[in-house]
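Good morning, and thank you for the opportunity to speak. I would ask everyone to look at the structure on the screen while I guide you through it.

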Amino acid sequence: MRAMDVVALDHRTLIGIAERIDLPQWGVTRMRAKIDTGARTSALHVDDVEEIGPDRVRFSIVLHRKKHDERVVVEAPIVRRGRVRSSTGRVQERIFVSTRVVIGGVAKEVEISLASRGRMIYRMLLGRSALASDFLVDPSRRYVATPPKKRKKKKTASPIA
């Protein structure tokens, strides 16, 4: 099996501990996400959270691109509010929203808590609930289902004969 292959095992897709994901309903593509089988829920780093009514929220997602940062403003219905224990051990009240997540060709609806993950390497964390039934995780690999884009080779000047 080659690292670039997307492998289906028992109708599940093999992924690594980090993958690039798409959130197509929000216009987000190739966002790096940490796959965390130790976390039950998924979390997304957002800025400028503003409740706009009893059941809707507006927030912004900052995507760090090579040439410039890109800010995407999203409005979504609030699915629920829940208590989550953060990686530091503190219990926090969080807003949960739902959207379609695409990893390696597999699309599924996922519930995501809006969090402050600004100091974390990965702004998105996918927990067990998002992975259940569809994925097998190889902890020794990264970007199995979503390999990096191939870089174009620079043209070099040909020698004059």
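I shall speak about the sheets, then one residue, then the pockets and the cavity. Please keep in mind throughout that this is a predicted model.

Let us begin with a small sheet. Three strands make it up, in the order β6-β7-β8; the sheet is open, and its pairing is antiparallel. Which strands stand at the edges? They are β6, residues 47-51, and β8, residues 69-77. Each has a single partner strand, so one side of each is left without a neighbour in the sheet. From one strand to the next, the twist averages 15°. Looking at one pairing in detail, β6 and β7 run antiparallel and are joined by three bridges. Asp47 stands opposite Ser60 in β7.

For those new to such sheets, a general remark may help. In a regular strand, side chains alternate between the two faces of the sheet.

I turn now to β9 and β10. These strands also run antiparallel, and six bridges join them. Across this pairing, Arg81 stands opposite Ile95 in β10. The two strands form a hairpin with five residues between them, and in this hairpin Gly89 takes a positive phi near 95°.

Next, a single residue, Thr41. Where is Thr41 found? Its place is the loop between β4, residues 28-35, and β5, residues 42-45. Is Thr41 buried or exposed? The relative accessible area of Thr41 is 16%, and the residue is buried, because the cut-off for buried is under 20%. Leaving aside residues up to four places away in sequence, Thr41 touches Arg80, Val84, Phe96, Leu125, Gly127 and Ser129.

Let me now move to the pockets. The largest pocket has a volume of about 740 Å³. It is lined by 18 residues, and those nearest its centre are Arg20, Arg30, His64, Arg65 and Lys66. Two elements, β4 and β7, give two or more residues to this lining. The largest share comes from β4, with four residues. What classes of residue make up the lining of the largest pocket? Ten are charged, six are nonpolar and two are polar.

The second largest pocket holds about 560 Å³ of space. Its lining consists of 23 residues, and Ser86, Ser87, Arg94, Arg117 and Met120 lie nearest its centre. At least two residues of this lining come from each of β5, β9 and β10. The element that gives the most is β9, with three residues. By class, the lining of this second pocket has nine charged, eight polar and six nonpolar residues.

Finally, we come to the cavity. How many cavities of 30 Å³ or more does a search of the whole structure find? The search finds one, and the volume of this largest cavity is about 30 Å³. Its lining is formed by Val101, Ile103, Val106, Lys108, Val110, Leu126, Ala130 and Phe135. Both β10 and β11, residues 106-115, supply at least two of these residues, and β11 gives the most, with three. Seven of the lining residues are nonpolar, none is polar and one is charged.

To close, I would return to the two kinds of space. In the lining of the largest pocket, ten residues are charged, whereas the lining of the largest cavity has one charged residue. Thank you for your attention.

How values were computed. Residues numbered from 1 in each chain as written. Predicted model: local features only at pLDDT ≥ 70, side-chain atom pairs only at ≥ 80, totals over all residues. Heavy atoms only, no water. Buried < 20%, exposed > 50% of the residue type's maximum accessible area, 1.4 Å probe, protein only. Contact = heavy atoms within 4.5 Å. 1 Å grid on protein atoms, 1.4 Å probe; cavity = no way out; pocket = protein on both sides within 12 Å on 5 of 7 lines; lining within 4 Å. Points joined across faces, edges and corners; volume = space filled by probe spheres on them. Nonpolar A, V, L, I, M, F, W, Y, C, P; charged D, E, K, R; others polar. Pairing = 2+ DSSP bridges. Axes fitted to C-alpha atoms, helices over the stretch in contact; angles between N-to-C directions.
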